[in-house]
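Reader: I'd like to learn how to read the contacts and ring pairs in a model like this one. Can you walk me through it?

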Amino acid sequence: MSFRRILVTSALPYANGPIHLGHLVEYIQTDIWVRFQRLMGHRCVYVCADDTHGTAIMMRARQENTDEVSLINATQLQHMDDFSAFDVQFDHYGSTNSPANRELCGEIWRALRSSGMIREKEVTQLYDPQEKVFLADRFVKGTCPSCRAPDQYGDNCDKCGATYSPTDLIDPISALSGARPELRSASHLFVELEKLHAFLDQWTQEGDHLQAEVANYLKGHFLGQPLRDWDVSRPSPYFGFEIPDSPGNYWYVWFDAPIGYMAATKEWCEREKEDFDQWWKNPDTEIHHFIGKDITYFHTLFWPGMLKVAGFQLPTKIHIHGFLTVGGEKMSKSKGTFVRAATYLEHLDPAYLRYYYASKLGPRLEDLDLGLDEFVNRVNAELQNKVINLASRSARFLEASGLSVRYPEDGGRFEKGAQVGLEIAACYEQCDYGRAIRLIMELADEANAFVDLRAPWKLKKDPQQAQELQDVCTIAVNLFRQLAIYLAPVVPRLAQQVGELLNDPIWSWEQARQPLTGKALRTFQHLMKPVDPTKVQAMIESSKESNAASVPVPAIADSGQPLIDEPLCEMISIDDFTKVDLRVARVLAAEEVPEARKLIKLTLGLGGDVTRTVFAGIKQAYEPSRLTGRLVIVVANLAPRQMKFGLR
RNA sequence: GGGCCGGUAGCUCAGUGGUUAGAGCAGUCGACUCAUAAUCGAUUGGUCGCGGGUUCGAACCCUGCCCGGCCUACCA
């Protein structure tokens with residue numbers, strides 16, 4: 001086995017929201033691979049960073065009345081906490097908004113310039129005069145020019161599937177301010193990717209850098225025609241790095257994001273006194289990117305192109321995975337079907353998710369479905385009942401005696417496990433974790449059958465058979481330890497616990513080839529709890545609440561009965577309406593009115609010291625304790641009057 | 001419209017030309033009782049999406065269709 005130097009990255013999560021279970025497919029997949037490589041004795045460094053630039057971050061900072069840097073710093077800390085809680089262990093976790101990244105962007109930019117690949121073109125775009133920003137397609141909404149469906153995004157219609165340019169929309173409005181956008185043109189800088197067409201043809205189709213289906217996809221979709229120029233600049237205002245030789249223009253977020261892989265490596269190198277060029281300019285170093293299929297073209301066309309021109313090492317392999325679906329349905333923020341990492345952690349052990357994902361991940365670009373019943377079932381049936389239980393039923397018998405001094409005759413079981421280990425290792429290497437888990441479970445089944453066959457609980461009753469008991473359990477515990485080693489990339493905490501139990505830390509795959517003997521065992525403690533289905537339900541319930549605001553209103557045909565019961569009031573004039581002073585107010589206090597059936601007494605703050613006391617007829621719908629702090633609309637100039645319960 | 005991928009037992013999947021298509025889970029029956037009721041044995045269950053073709057032989061290769069997911073670049 002020759003020594004390998006491997007640099008691994010996961011895609012950079014955007015600093016615009018929390019980590020959710022969809023993100024974790026990728027980070028867990030990558031972390032498993034990294035841990036496996038380390039167990040194999042390879043030098044493997046895993047870096048990542050927050051992706052921090054772009055219009056979305058800028059607008060969010062405006063909305064939250066903060067500045068971008070505070071926003072991205074806070075988000076980065078949250079992301080790091082979430083990853084760490086799921087045992088995703090980076091060697092370095094940086095930010096694209098770093099000096100190292102700015103410097104590397106500059107270096108690559110100069111290379112692109114000097115090779116004559118940058119050209120300038122006028123781009124006419126919709127502009128929001130109120131927010132004073134150019135609007136990306138998704139920030140423009142209007143009526144579809146093809147089917148007249150209202151409220152469609154600027155790039156395509158999700159009603160009829162038509163694609164068009166945002167300027168084609170009928171009655172466009174800015175999704176940011178609601179203002180009517182105007183057409184403006186600005187000068188943008190483009191990378192002429194077509195100049196690298198021959199190189200990209202070769203790189204994508206040869207050398208196993210990509211999964212076969214990805215290579216096919218690129219060939220059929222992009223490489224069969226001239227590659228379009230890639231717009232890599234955005235005019236001010238934009239949160240990002242200003243382009244040194246083009247003042248007022250900024251690098252588009254997708255230009256600096258992948259360079260963030262290098263910047264994170266660089267920061268790690270500086271901290272560890274490593275040579276950066278050893279990692280990005282040495283052909284002996286392998287570079288592996290793990291990404292989701294949505295960002296395929298950035299990583300398989302633009303990114304290799306940039307690296308090539310700037311003289312850096314090209315990726316050895318880009319591992320692309322599918323999306324997470326939950327219960328067979330596409331998971332998306334707008335549908336509100338996502339579970340945040342933090343929410344999961346409030347209810348469940350991260351090892352469950354790591355195991356479940358591993359059991360379902362293959363080398364192909366397929367979506368992974370999280371079936372909640374299957375999740376419970378699978379983790380309990382396999383990890384708990386087969387693997388963990390193997391230790392419970394054998395290690396206890398050894399508490400007094402420890403492991404046998406010589407490894408007993410076991411009918412070739414351990415040796416077979418060692419042989420299968422080679423196959424399991426090959427599966428991990430190829431990211432075929434599902435197959436690896438299946439092989440491990442076969443071994444677990446055989447180990448359990450062995451325990452049943454030799455029935456240590458019977459041996460225990462006869463003091464004459466103490467040696468036999470010790471031998472049988474020594475075999476069982478060694479078979480279990482072999483499984484724990486094979487599962488170590490997936491559930492590292494379990495491996496850690498097994499190392500402690502046996503007074504022999506697990507640190508290398510090779511340990512699975514040599515049985516452990518003569519060791520004393522620590523007192524056995526339960527290694528893991530089974531999944532409690534009620535907690536899975538609780539997690540889903542609390543995710544529903546925290547996402548309530550983003551759940552779209554489903555299409556419902558409401559009954560006409562309420563209108564019949566209570567007809568609309570007579571029309572009022574606009575003058576009447578403007579007399580009503582509507583204000584946003586914060587609920588400072590909310591208390592029960594015990595005597596009232598419908599009322600809750602609210603103390604509302606209008607800002608400063610100005611408050612109002614109102615009685616709201618919402619008792620049947622809301623818990624007073626959950627209203628405090630929320631924002632409500634109040635008629636601020638409604639004359640007070642005496643009510644049975646107090647002043648309104 | 002075009003492209004990529006998939007459709008195999010109730011569920012999750014394995015199986016890419018060679019005898020009667022497999023595993024785990026679930027179900028059924030039995031055994032065991034060491035283990036957080038876990039485990040072991042046996043067993044039920046499939047016209048391999050549909051049609052056509054190639055072949056001595058097709059789940060597998062070719063072709064048409066049906067169904068599902070995703071992609072379709074200056075969106076992150």
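Author: Sure, and keep in mind that this is a predicted model. Let's start with one contact: a polar side-chain atom of lysine 386 lies 3.2 Å from a sugar or linking oxygen of RNA strand B. Glutamate 374 has a side-chain N or O atom 3.3 Å from an oxygen of that kind, sugar or linking, in RNA strand B.

Reader: Which part of RNA strand B does the side chain of tyrosine 252 come to?

Author: A phosphate oxygen, with 2.3 Å between it and an N or O atom of the tyrosine 252 side chain.

Reader: Which elements give two or more residues to the surface near RNA strand B?

Author: Those are α6 (212-221), α7 (253-272), α12 (372-395) and α14 (433-454). The most comes from α12, which gives 9 residues.

Reader: And which residues come nearest to RNA strand B?

Author: Out of 46 residues around the strand, Tyr14, Tyr252, Asn377, His526 and Met528 come nearest. On the RNA side, sugar and phosphate make up 73% of the strand B atoms that come within 4 Å of the protein.

Reader: How many residues of that surface are nonpolar, polar and charged?

Author: The surface near RNA strand B has 22 charged, 16 nonpolar and 8 polar residues.

Reader: Okay, on to the rings. What describes a pair of aromatic rings?

Author: Two things: the distance of the centres and the angle of the planes. In this model the count comes to 32 aromatic pairs. Take phenylalanine 90 and tyrosine 93: their centres are 5.1 Å apart with 45° between the planes, a tilted pair. Phenylalanine 90 counts as buried because its relative accessibility is 17%, under the 20% cut-off. Tyrosine 93, at 8%, counts as buried too.

Reader: Which kind of pair do tryptophan 109 and tryptophan 251 form?

Author: An edge-to-face one, at 5.9 Å centre to centre and 70° between the planes. Tryptophan 109 sits in helix α4 (residues 99-114) and tryptophan 251 in strand β12 (residues 249-251), so the pair ties together parts 142 residues apart in sequence. Both tryptophan 109 and tryptophan 251 are buried.

Reader: Which residues do ring pairs link into a cluster?

Author: Tyr217, Phe222, Trp230, Trp254, Tyr297, Phe298 and Phe302.

Reader: What about charges over rings?

Author: Go back to tyrosine 252: the charged end of arginine 234 sits over its ring, 3.9 Å from the centre. Elsewhere, lysine 121 lies over the face of phenylalanine 190, 4.3 Å from the ring centre.

Key: Residues are numbered from 1 along each chain as its sequence is written. Chains are lettered from A and ligands numbered from 1 in the order in which they are written. This is a predicted model: local features need pLDDT of at least 70, side-chain atom pairs count only at pLDDT 80 or more; totals for chains, interfaces and linings use all residues. Side-chain values use heavy atoms; hydrogens and water are left out. A residue is near a molecule or strand if one of its heavy atoms lies within 4 Å of it. A polar contact is a pair of N or O atoms within 3.5 Å; within protein, one must be able to donate a hydrogen and the other to accept it, and residues adjacent in sequence count only if both atoms are side-chain atoms. Helices (H or I, at least four residues) and strands (E, at least two) are DSSP runs, numbered from the N terminus. Ala, Val, Leu, Ile, Met, Phe, Trp, Tyr, Cys and Pro count as nonpolar, Asp, Glu, Lys and Arg as charged, and the others, Gly among them, as polar. Rings of Phe, Tyr and Trp (its six-membered ring) pair if their centres lie within 6.5 Å; planes under 30 degrees apart count as stacked, over 60 as edge-to-face and the rest as tilted. Buried means under 20% relative accessible area, exposed over 50%, partly exposed in between (1.4 Å probe, protein chains only). A charge sits over a ring if NZ of Lys or CZ of Arg is within 6 Å of the ring centre and within 35 degrees of the ring normal.
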